Amino acid sequence: MNTAPTGFSSTPADEIEAGRTFHYTATATDPDAEPLQYSLVSGPQAAAIDSETGKLSWETDQADVGQHRFVLRATDPHGLYVEQSFLLNVKQTQQNRPPVFVSDPVTEAIASSGFEISTVAVGGAPAGTAVVSGFRGPRIVTANADDQTIGVYAGENNERFDHAAEFSTGHPQRSGQWVDSGIAVDFGAPEPELQTDSYTISTYDHGDFNGDGFLDFVVGHHFDRANDGSIGTYKTSIVLNDGNGAFSPPSVLYEHEIYSYQTYIRTIVAEDVNADGHDDILFAEYHDGGTFFVSLGNGDGTFQPIIETSFEDTIIGDFVINDIDGDGVMDLFGRTINSASLGNASRSLFWSKGNNDGSFSAPNEFRTTRTSGLRETTAPYDLSDLDDDGDLDFVISGDNQLIQVFHNDGSGNFTLVNEFDPPSAQAYYSPDWLVVADFTGDGEADILFQHVWEGRLDLMVGDGNGVDFTYEEGSDSRIRADNWAMGFEPMDVDGDGDLDIVFGTEHRRVGVTVGLNDGTGRFLNREYSTPEVSTGIKLNYMDTTVRGALFGDYNSDGVIDLSYFTTDSDFNGQTDQHILGIMFGTRPGEFGRTRTEPWLTPSWTDVTHPGDFNGDGILDLLDTASDVSALGNGDGTFTNLIPASGVRRPSSTAAVADYNNDGLDDVVSGLSGGLYVGISNGDGTFAVNQNISGGGFYGYTTIEAVDLNLDGHMDFVTKVEVDEYFEVYLNDPANPGTFAMSFTYALAAGSQGINVSQWEESWDVADFTGDGIPDLLTAEREGASGSPIYIVVFEGDGNGGFTRYSELAGFGESQQAGIYGTRAEPGDFATGDIDNDGDLDLIAHSYLGARVFVNDGTGNFAASGTWLDVVRVNQRGRDSWLVDFDDDGNLDFIVAAGADINGAFYFWRGDGEGNFVVVEGVNMHAEILGTRDPFFDWDNDGHLDFVYATGGTTSDEIAFYMGRRDDLVDMIAVDLNGDGNEEVIAVQEQMERLQVFVGDNLGGLTRQSDLQAGLAPQAVASTDLDGDGQMELLVANRVGRNVSVYSGNLTDGYTHADFPVGSAESLATRPIDIGAADVTGDGNPEVFVLDEGNQALWIFEGNGTTALDTPTAILLGDRPGRFVIEDADGDNQLDAVVTLPDSNRLMILSGVGSDPAAAPIYVSLSASPSDVAVLDLNDDGYPEIAATIASANALSIHYGLGNNQFARAQQIAVGQSPSRVVGTDADEDGRTDLVVTNSGDDTVSVIY
């Protein structure tokens, strides 16, 4: 009987210098001693192998630098064969690396004694597991990412692991979010039934209403059903906080039907007005009679009956609570309204003496003040002890453009002591919202105010006497800053010792803005985007405005969060955008990563273009309209702006690519009268290599870079919108970066929308016919609006020319009045394989929505009948894209559904079959004029982001919509305090925290204050680095490119220090896993870090301290996933076992502490591994390797045979998508078991 060849006994080198000839003699073994024929199955085209001798040779040159995969085959005379695969790295210079040994494993299978498998239901998407012990028996612990809980599963005998307890992490659940934009809190608004139903939040505050130490909300809001005959219903609702960032269903404190359009409630204050230690609630109602409401809190979340007071001939408008006359009792201070009309209203300052029982004397109106509309800024005044005499004075932005200062005599009598007319203030553009506090850090009160005319937050610096102030020009706000939350107070949110602010705006604008003080009263203003909460009944009317905001810790993690509420900008109520939202603090002063950053003032910015302009492997940004660039730091930040090319009158139209093949991205961009080609200088600047005349009346509107003739050089296609023609330019191979026109096509007259819209982006270049050559796809219309619009494919000839190939009257049946009275137009053309059949399909997106057209594989399109209901696209520039944003292998559809100034992004998840469903909406920062390439991983965390510039509209900023990271990503269980109970340590990637849950004798866990982790933490390990008996905690930070070492204990707390992985200058480093073990036997543990970016395992040699020295690297030659440090071959030396998910292998680095390390051993798997564990299941002294195979829903066990050999895998079926495996004694029988987390079906498989 013939036996197949058993393996190769030869080992090739793993790298070679470019320019040398690679030689390798392959030798395979045949048990029947028959001659073998050698062949090269795959490898470089120039490589050759002698079929009889197995000698392989390949002459390399500089163009071959990089990794190359070889597959060799040895075949016996009967056709049986064995294969050997290896990677060869062609390098510029040779570096010292360990040799690679590749051998096929012994294929005998070992029959096990059988496994008992039990399935335990756990929380959503378990991301890690451990088994902890205790007098109640072993318990499974999981980190449940979807639920944001740590789950503990106990029980004995037949109920083993059936008793579940879950402990909140205090952080928000993902809830389907693709972009981090915070959460919306349910405040009791009913679901709309008609599009014309409306609801509005008018104001809110926070306080501790049930005495549990957590901040709760009180919200004033009204709702009007369009068909019930009433004007509406007003409610004051209470929302209680559980301390973990979750809120109970709202309860109604007060409710009544609105009987007059004059009615409006603007101010709610939570304050203890009767000195009983419980927060009370006060609010006032605008109407002809005017009513003031007080509800005294009982301290348990309930309230006493509301006290209603109407003051004769006086309407309480806005107010604050404080002790005005120094008697220790809370008084009212604010403004009355002397007219209840909806037009202009005269107002008077007042204060009302408190009676310490929740009642107040009649208002003492002591001065008439500014006249304005009822809904102008809520409180253009602030109280403070300006002159340090112990009583409260106040500042108000008075009539016209004045700021007025009043002093208190201690009894509530106020005197005007000074007034200021800020430079360039104008009538009707006068000082508005203001805040009084010590913003300069000198101990004296300053006045921060919104300078409406200049669009700045300017400062009046106090001199200490409360009378004299020095004017200083402040920071750009670019909006009419305001804050209608009466409970707002400046707070040091970033921990730098000075006071920061948060605010909304009086006019249309999406986000909530945080101003971080630099210590001088100037602020770095970052705007954070809010979630879009439209329903299928109510459409997004794009006029959301954040009106008020507060700082507070809403999830008890020790980091300040912010809350806010929104209204629509014109008070018409025709929107369901009114939300109460929270943005949880990720780091001090940071509230998520979706935000704006200042760009260039003044700015012509419409778009930014990504590219690597300095060759460091990190994306940079180019603003062609403003002719500036910013070099990326690889962590989501960028350097100061630098001049780019020096061209005159540039435009925002551009295409970035490496046009001269030097490894640096260049640019082709529009400018007045044509185009220019900018060749990168390697430092973010560009040298103009060529000017091209043309562009028609408005110039070139869109450009796309593509290799049209497949010569390895990037060419480009551009469209001129108004003049309706295409131009094609080919790159000159003899002079790369220089172009000549090869083709032009004039579209039929009528191929243009109204006011140059709806047609700019109605084209694309890609291989639509399936022949491997790029084609041109465009919309074309012959005749005026209303004539048929055709989808036309021009087939590429491979030489830069095109021939009309096919056409479809794609919109002929849709020429009816659209949502805004417009007829169908083609809109954006977004192309991609939406049904995973191997050819490129089309989504055409316009005012009427998005229409899907399916390609039959030959370039002929047919309408699928699918419309995606998205409205109000801007259609000046690109508004829609096909991209796999959630990284599930299916293209998703993303729409910037905006008009005028702002709107919302909608994320439609694709199912790979041509169907899409909305999963999230996020409000936009101002208007977008998008590019064709706005999606990229800006901060290198492995998630796509969306970046665009907002200048040229209402701001000079750049907006980052950052792909939401994972939540819980790793956990361990370790006894940190020596009490015999393990603590659970969990890693939060999205919130960038290390969380500690202290275990107790009853099996419970108590959450401690979070430890701040580095940027995008991935994994945690523990060890005693310095031998003091206290365990250190180690965290690998992907974006931070470092390791955090936490030292300390549970009693005194922890401090941490960060140590770079590799060189501090290496921007490619991506730490993804971490472990520790004493591999050298000197008593000092080494720290191991797995690096995805450099494909390396870094080793920090133990030195007996908590400080890590410079590490050394073992290059892996393949992208790693996870690893363990264990004795994998039974030689009593610790090895590293690394998963290689791209090549479906495990790598064993034997004796990883040796110098040099032994040659690696590879174990092939059936599919990509997600995790690995090493353990001796059969007590034979030869460890087994267990790997989770997510795609197969299996655990692959490889029994050790000794001598670095492993048996063929035994597959054990587990739950869906197994992600982690640990070896532990789960039933305390003295034998090692396997515990597998299955993220696909929210279970744990316990294999006994």
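In this predicted model, W599 has a relative accessibility of 8%, and because buried means under 20%, W599 counts as buried. The ring of W599 has an aromatic partner in F638, with 5.5 Å from centre to centre and 70 degrees between the planes, an edge-to-face arrangement. The two residues are 39 residues apart and link distant parts of the chain: W599 belongs to the loop between β43 (595-598) and β44, and F638 to the loop between β46 and β47.

The strands named here lead on to a sheet. β44, β45, β46 and β47 form an open sheet of 4 strands, in the order β44-β45-β46-β47, with antiparallel pairing. β44 (609-611) and β47 (642-643) stand at the edges with a single partner strand each, so one side of each has no neighbour in the sheet. Strand β46 (residues 628-630) runs antiparallel to β47 and is joined to it by 2 bridges. Within this pairing, V628 has P643 in β47 as its bridge partner.

A second open sheet, also described by 4 strands, has the order β11-β12-β13-β14, and its pairing is antiparallel. Here the edge positions belong to β11 (126-132) and β14 (163-168); each has a single partner strand, which means that one side of each is left without a neighbour in the sheet. On average, neighbouring strands of this sheet are turned by 20 degrees against each other, direction ignored. Between strand β13 (residues 149-154) and β14, 6 bridges make up the antiparallel pairing. One residue to look for is G151, whose bridge partner in β14 is E166.

Strand β7 (residues 55-59) offers a clear view of the two faces of a strand. In a regular strand, side chains alternate between the two faces of the sheet. Along β7, L56 and W58 point to one face and are buried, whereas K55, S57 and E59 point to the other face and are not buried. Strand β3 (residues 21-25) pairs with β7 through 5 bridges and runs antiparallel to it; in this pairing T21 stands opposite E59. Strand β6 (residues 48-49) is likewise antiparallel to β7, joined by 2 bridges, and A48 stands opposite S57. β6 and β7 form a hairpin with 5 residues between them, and in the turn G54 has a positive phi of about 80 degrees.

Attention now turns to the interior. In soluble globular proteins, nonpolar side chains tend to be buried together. The largest nonpolar core of this model has 48 residues, of which V512, F551 and L562 touch the most other members. Strand β40 (residues 544-552) gives the most to this core, contributing 4 residues. Leaving aside neighbours within four places in sequence, the contacts of L562 include V502, V512 and V514, as well as L550, F551, G552 and Y554. G581, I582, M583 and F591 are also in contact with L562. Apart from this core lies another, of 27 residues, among them V294, L296, F319 and F414.

Aromatic rings meet in many places, and a search of the whole structure finds 59 aromatic pairs. One of them joins Y254 and F293 in a tilted arrangement, at 4.7 Å centre to centre and 50 degrees between the planes. This pair links distant parts of the chain, 39 residues apart, with Y254 in strand β19 (residues 251-257) and F293 in strand β22 (residues 291-295). Y254 and F293 are both buried. Elsewhere, one aromatic cluster is formed by W178, W881, F885, F905, F907, F935, F946, Y948 and Y961.

Rings also take part in arrangements with charged residues. R73 lies over the face of Y81, 4.1 Å from the ring centre. For R932, the charged end sits over the ring of W763, at 4.1 Å from its centre.

Finally, G462 is a residue of strand β34 (residues 456-462). G462 counts as buried because its relative accessibility is 8%, under the 20% cut-off. Its C-alpha atom is separated by 9.4 Å from that of G443, which is 19 residues apart from G462 along the chain. Not counting residues up to four places away in sequence, G462 touches D442, E444, A445, D446, D468 and F469.

Conventions:
Residues numbered from 1 in each chain as written. Heavy atoms only, no water. Pairing = 2+ DSSP bridges. Axes fitted to C-alpha atoms, helices over the stretch in contact; angles between N-to-C directions. Core = buried A, V, L, I, M, F, W, Y, C linked by side-chain atoms within 4.5 Å. Buried < 20%, exposed > 50% of the residue type's maximum accessible area, 1.4 Å probe, protein only. Contact = heavy atoms within 4.5 Å. Phe/Tyr/Trp six-rings, centres within 6.5 Å; stacked < 30°, edge-to-face > 60°. Lys NZ or Arg CZ within 6 Å of the ring centre and 35° of its normal.
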